[in-house]
Amino acid sequence: MAAKNYQVAEILYMVADYLDLEGEEFKVRAYRRAARSIENLSQSIEDVAKSGKLQEIPGVGEAIAKKIDEFLRTGKMEHLEKLKRKSPVDMESLNAVESLGPKKIKLLYQRLGVRNVEHLSKAAKEAKIRGLPGFGELSESKILQSLGNVSSNKRRFPREEVVPIAEMIRKKLQSMNVVEKVEVVGSYRRKKETVGDLDILVVSSSPSEVMDAFLNIDGIDHTIGEGEKKASLVLDNGLQVDLRVVGAESYGAALIYFTGSKYHNIRLRKIAIKKGYKLNEYGLFKGDEMVAGSTEEEVYRELGLDYIDPENREE
DNA sequence: TACGCGCAGGCATATG
DNA sequence: CATATGCCTG
DNA sequence: GCGTA
Ligand SMILES: [Mg+2]
Ligand SMILES: [Mg+2]
């Protein structure tokens, strides 16, 4: 695939991140949608541009088409440069810090002049962050901790590399008496060549015991969060693993939700709404009544759809 | 040209 | 304590 | 910023 497609998508995602920082909402979505379309484009973006058909790409209109053209001609996008001048912060590295998002990054920049992780580290060590609106002592120590969890590990992993890890975790959980089912879901189940993390779904009526076992598997670097039904951790090699525990009656709905993709989920949930239902990871509901949920087939059927294989759930 | 904009929910933390 | 907000998951 | 009513 043409390398330029990836570059154009990346730059549009960056524009979105800076707009996010400014509190924009819909432009952010617009740029991300365009970026995603270009990522999934089957032709070279340069060829599309040459034939003047950029605006035929879903989510690309007059304004974004112009900017793409500019980037392809000059290697730069003035719009992005301008946004960076206005908010001179290193979004890429700051965004990679766990617990920091656009709102908090904006506040840190405005009140403390934080532009990058070095500034952030200094501010945290000097205890200047606690006391900002929305930040307390806990937030500050969490930031320091996140900074220690080097973000260099934030990469995607080749499928082959995670297969043994997935199997190890699956077997361990499977062996528990209170566990009825274990499935590795997410992009792993969709058979993508690379995965951003591992998503694991467990059916059990004793979630707390499952949580406990999960949080004690081998090779954990640190835990991100842990609740009654959900936990996330990062392994020594930087791979994030998410666990979700549900009851048997929700197995199918949870499989659908956790297998994704996100866009597939949104699509299904919209169809559900149109048919007067509500779809979430617990089931398909008409009012308070569950009409499907224990199997995937059942949920698709109630939505009036044929079963869709996981590898075909990108949209 | 004006207007609405993808869905749903768990967890951590701050706030009052 | 309940509620709001932000971040994060698919 | 885009798509559509
Ligand atoms: Mg995943
Ligand atoms: Mg995940």
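Is lysine 191 buried or exposed?

**Exercise 1. Classify lysine 191 and compare its backbone with that of alanine 127.**

This is a predicted model: local features need pLDDT of at least 70, side-chain atom pairs count only at pLDDT 80 or more, and totals for chains, interfaces and linings use all residues. Residues are numbered from 1 along each chain as its sequence is written, chains are lettered from A and ligands numbered from 1 in the order in which they are written, and side-chain values use heavy atoms, with hydrogens and water left out.

Solution.
- Step 1. Set the classes: buried is under 20% relative accessible area, exposed is over 50%, and partly exposed is in between (1.4 Å probe, protein chains only).
- Step 2. Lysine 191 has 53% relative accessibility, so it counts as exposed.
- Step 3. Locate lysine 191: the loop between helix 11 (186–189) and strand 3 (194–195). Helices (H or I, at least four residues) and strands (E, at least two) are DSSP runs, numbered from the N terminus.
- Step 4. Check phi. Lysine 191 is not a glycine, yet its phi is positive, about 60 degrees.
- Step 5. Turn to alanine 127. Its phi is also positive, about 60 degrees, and it is not a glycine. Alanine 127 sits in the loop between helix 8 (117–125) and helix 9 (137–148). Its relative accessibility is 34%, so it counts as partly exposed.
- Step 6. Recall the background: most residues other than glycine have a negative phi, and most peptide bonds are trans.

**Exercise 2. Find the cis peptide bond.**

Solution.
- Step 1. Go to glycine 260 and serine 261. The bond between them is cis, with omega near -5 degrees.
- Step 2. Place serine 261. It lies in the loop between helix 13 (251–259) and helix 14 (262–274).

**Exercise 3. Describe the magnesium site.**

Solution.
- Step 1. List the donors of the magnesium ion (ligand 1): Asp197 (OD) and Asp199 (OD), at 2.1 to 2.2 Å. Donors are N, O and S atoms within 2.8 Å of the metal (3.2 Å for Na, K and Ca); water is not among the atoms, so sites may look incomplete.
- Step 2. Add the magnesium ion (ligand 2). The two ions are 3.7 Å apart, and aspartate 197 coordinates both.
- Step 3. Check accessibility. Aspartate 197 and aspartate 199 are both buried.

**Exercise 4. Map the surface near DNA strand B.**

Solution.
- Step 1. Count the residues. There are 28 around DNA strand B; Arg29, Gly136, Ser139, Arg269 and Tyr282 come nearest. Near means that a heavy atom of the residue lies within 4 Å.
- Step 2. Look at the DNA side. Sugar and phosphate make up 67% of the strand B atoms that come within 4 Å of the protein.
- Step 3. Inspect the phosphate oxygens. A backbone N or O atom of glycine 136 is 2.3 Å from one. For a backbone N or O atom of glutamate 226, the distance is 3.0 Å. Asparagine 280 places a side-chain N or O atom 2.8 Å from a phosphate oxygen.
- Step 4. Assign elements. Helix 2 (26–39), helix 9, strand 5 (220–226), helix 14 and strand 8 (278–280) each give two or more residues. Helix 14 has the largest share, six residues.

**Exercise 5. Show that helix 7 has two sides.**

Solution.
- Step 1. Pick out the buried residues of helix 7 (residues 102–112): Ile105, Leu107 and Leu108.
- Step 2. Test their directions. They cover an arc of only 160 degrees around the axis, which puts them on the same side of helix 7. The arc is that of the directions from the helix axis to the C-beta atoms.
- Step 3. Look across. Lys103 and Gln110 are exposed on the other side of helix 7.

Notes. A polar contact is a pair of N or O atoms within 3.5 Å; within protein, one must be able to donate a hydrogen and the other to accept it, and residues adjacent in sequence count only if both atoms are side-chain atoms.
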